[in-house]
Amino acid sequence: MSRLFFALLVFVLVSNCENKSIDQENSEADQKKINKTIALKNNIEKGRGVYFANCVSCHNNNPKKHGSIGPELYGVPIEVLMQKIVSGKYPENYIPKRKSKIMPLMPHLNKKISNLHAFINSS
């Protein structure tokens, strides 16, 4: 009888530990989602600053609308932003929205392009 009681006690303890582990995993997963959301919001806010400091003079305040000189930017892939901003060229096989080549090079934005992309596509 005591062996059965001991086996039952071990079973209850082990199953209880497993439940805590699953709960801990769920809690960690929830925390990671929260951290990603906060990071994305930070990227969007940083990108907003970059956009309004460097882009609105030609592009619209709203990236979904045409600007006075530049086209709408919503939906532009990050590769296009990277190449156009840094080197002034478009990726191979990309068809530009406008044929003009008046956009100035802005290599100083190289490390801020991911933030800019996050803002442009968050609207």
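**Helices and aromatic rings in a predicted model**

Q: At what angle do helix H2 and helix H3 pack in this predicted model?
A: Helix H2 covers residues 78-86. Its axis and the axis of H3 are 10 Å apart. The two helices pack at an angle of about 125 degrees.

Q: Which word describes how H2 and H3 lie to each other?
A: Their angle is about 125 degrees. Roughly perpendicular ends at 115 degrees, and roughly antiparallel needs over 145. The angle falls between these limits, so the two helices are oblique.

Q: Is the crossing of H2 and H3 left-handed or right-handed?
A: The hand of a crossing depends on whether the near helix is turned clockwise or anticlockwise from the far one. For H2 and H3, the crossing is right-handed.

Q: Which residues of H3 meet H2?
A: H2 brings Ile78, Leu81, Met82, Ile85 and Val86 to this contact. On the other side, H3 brings Ile113, Ser114, Leu116, His117 and Ile120.

Q: How many nonpolar residues does the contact of H2 with H3 have?
A: Sorted by class, the contact has two polar residues. It has no charged residues. The nonpolar residues number eight.

Q: How many residues of H3 are buried?
A: H3 runs over residues 113-120. The buried ones are Ile113, Asn115, Leu116, Ala118, Phe119 and Ile120. H3 is mostly covered, and of its eight residues the buried ones number six.

Q: Why does Asn115 count as buried?
A: Asn115 lies in helix H3. Buried means under 20% relative accessible area. Asn115 counts as buried because its relative accessibility is 11%.

Q: Which residues is Asn115 in contact with, leaving aside its neighbours within four places in sequence?
A: Contact here means heavy atoms within 4.5 Å. With the sequence neighbours set aside, the partners of Asn115 are Asn43, Lys46 and Gly47.

Q: How many helices does the chain have?
A: The elements run α-α-α from the N terminus on. The chain has zero strands. Its helices number three.

Q: What share of the chain's residues count as buried?
A: The chain has 123 residues. A residue is buried if its relative accessible area is under 20%. By that cut-off, the buried share is 21%.

Q: Why is the pair of Tyr51 and Phe52 given its class, and what is that class?
A: The count of aromatic pairs comes to four. In one of them, the ring centres of Tyr51 and Phe52 are 5.7 Å apart. Their planes stand at 85 degrees, so the pair is edge-to-face.

Q: Which class does the pair of Tyr90 and Tyr94 have?
A: The ring centres of Tyr90 and Tyr94 are 5.4 Å apart. The planes are 25 degrees apart. Planes under 30 degrees apart belong to one class, and this pair is stacked.

Q: Is Tyr51 buried or exposed?
A: The relative accessible area of Tyr51 is 0%. Its ring partner Phe52 has 38% and counts as partly exposed. At its own value, Tyr51 is buried.

Q: Which residues form one aromatic cluster?
A: Tyr51 and Phe52 already pair edge-to-face. Phe119, a buried residue of H3, joins the cluster. Its members are Tyr51, Phe52 and Phe119.

Q: What is the phi of Asn93?
A: Asn93 lies in the loop between H2 and H3. At 75% relative accessibility, Asn93 is exposed. Asn93 is not a glycine, yet its phi is positive, at about 70 degrees.

Q: How far apart in space are Ser100 and Ile69, C-alpha to C-alpha?
A: Ser100 is also found in the loop between H2 and H3. Its relative accessible area of 38% makes it partly exposed. In sequence, Ser100 and Ile69 are 31 residues apart, while in space the distance is 9.2 Å.

Q: How far apart in space are Lys41 and Ser122, C-alpha to C-alpha?
A: Lys41 is found in helix H1, residues 2-54. Lys41 is exposed, with a relative accessible area of 54%. In sequence, Lys41 and Ser122 are 81 residues apart, while in space the distance is 9.5 Å.

Definitions and conventions: Residues numbered from 1 in each chain as written. Predicted model: local features only at pLDDT ≥ 70, side-chain atom pairs only at ≥ 80, totals over all residues. Heavy atoms only, no water. Helix = DSSP H or I, 4+ residues; strand = E, 2+ residues; numbered from the N terminus. Buried < 20%, exposed > 50% of the residue type's maximum accessible area, 1.4 Å probe, protein only. Axes fitted to C-alpha atoms, helices over the stretch in contact; angles between N-to-C directions. Parallel < 35°, antiparallel > 145°, perpendicular 65-115°, else oblique. Nonpolar A, V, L, I, M, F, W, Y, C, P; charged D, E, K, R; others polar. Phe/Tyr/Trp six-rings, centres within 6.5 Å; stacked < 30°, edge-to-face > 60°.
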